[in-house]
Amino acid sequence: MGQSHVFKSGHKAPNNGYYIEIGDTGDNVVNPKKIKLNAGDPFPETSNDKRHWTYVRKP
């Protein structure tokens, strides 16, 4: 089993890096929030309840 790549608000970041907001089906969204977190930092709220966070390689 691998590590999950989709995170909900309030979960803790598994690694240092940049994260971006995606839709509930994994689709890209218009004007997504982009954040930088350190390992253990909690994910902030998304723009709406149907969105999640995912890892991105570069900001």
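A residue counts as buried when its relative accessible area is under 20%. Tyr19 has 1% relative accessibility and is therefore buried. The model is predicted, and Tyr19 recurs in it: this residue belongs to the largest nonpolar core and to an aromatic cluster. The structure also holds one salt bridge.

**Nonpolar core**

- The largest nonpolar core has seven residues: Phe7, Ala13, Tyr19, Ile35, Leu37, Phe43 and Trp53.
- Ile35, one of the core residues, touches Gly17, Tyr18, Tyr19, Phe43, Pro44 and Trp53, with residues up to four places away in sequence left out of the list.
- Among these contacts of Ile35 are Tyr19, Phe43 and Trp53, which are themselves members of the core.

**Aromatic pairs**

- There are five aromatic pairs in the count.
- In one of them, Tyr19 and Tyr55 meet edge-to-face, at 5.8 Å centre to centre and with 75° between the planes.
- This pair links distant parts of the chain, since Tyr19 is in strand E2 (residues 17-22) and Tyr55 is in strand E4, 36 residues apart.
- The two partners differ in burial: Tyr19 counts as buried at 1% relative accessibility, whereas Tyr55 is partly exposed, with a relative accessible area of 38%.
- Phe43 and Trp53 form a stacked pair, 6.3 Å centre to centre with 20° between the planes.
- Because Phe43 lies in the loop between strand E3 (34-37) and E4 while Trp53 is in strand E4, their pair ties together parts that are 10 residues apart in sequence.
- Phe43 is buried at 4% relative accessibility, and Trp53 is buried with a relative accessible area of 0%.
- One aromatic cluster takes in Phe7, Tyr19, Phe43, Trp53 and Tyr55.
- Phe7, Tyr19, Phe43 and Trp53 appear both in this cluster and in the nonpolar core.

**Strand E4: Thr54 and Val56**

- Thr54 sits in strand E4 (residues 52-56).
- With a relative accessible area of 14%, Thr54 falls under the 20% limit and so counts as buried.
- The side chain of Thr54 reaches the backbone oxygen of His5 at 2.7 Å.
- Not counting residues up to four places away in sequence, Thr54 touches His5, Tyr18, Tyr19, Ile20 and Ile22.
- Val56 is also found in strand E4.
- The C-alpha atoms of Val56 and Tyr19 are separated by 5.4 Å, although the two residues are 37 residues apart along the chain.
- Val56 is in contact with Tyr18, Tyr19 and Ile20, leaving aside its neighbours within four places in sequence.
- Tyr18, Tyr19 and Ile20 are thus among the contacts of Thr54 and also those of Val56.

**Salt bridge**

- Side chains of opposite charge can pair when their charged atoms come close.
- The one salt bridge in the structure joins Arg51 to Glu21, whose closest N and O atoms are 3.4 Å apart.
- Arg51 lies in the loop between E3 and E4 and Glu21 in strand E2, so this pair ties together parts that are 30 residues apart in sequence.
- Both charged residues are buried: Arg51 has a relative accessible area of 18%, and Glu21 has 1% relative accessibility.

Key
Residues numbered from 1 in each chain as written. Predicted model: local features only at pLDDT ≥ 70, side-chain atom pairs only at ≥ 80, totals over all residues. Heavy atoms only, no water. Helix = DSSP H or I, 4+ residues; strand = E, 2+ residues; numbered from the N terminus. Buried < 20%, exposed > 50% of the residue type's maximum accessible area, 1.4 Å probe, protein only. Polar contact = N/O pair within 3.5 Å; in protein donor to acceptor, adjacent residues only side chain to side chain. Contact = heavy atoms within 4.5 Å. Core = buried A, V, L, I, M, F, W, Y, C linked by side-chain atoms within 4.5 Å. Phe/Tyr/Trp six-rings, centres within 6.5 Å; stacked < 30°, edge-to-face > 60°. Salt bridge = Lys/Arg side-chain N within 4 Å of Asp/Glu carboxyl O.
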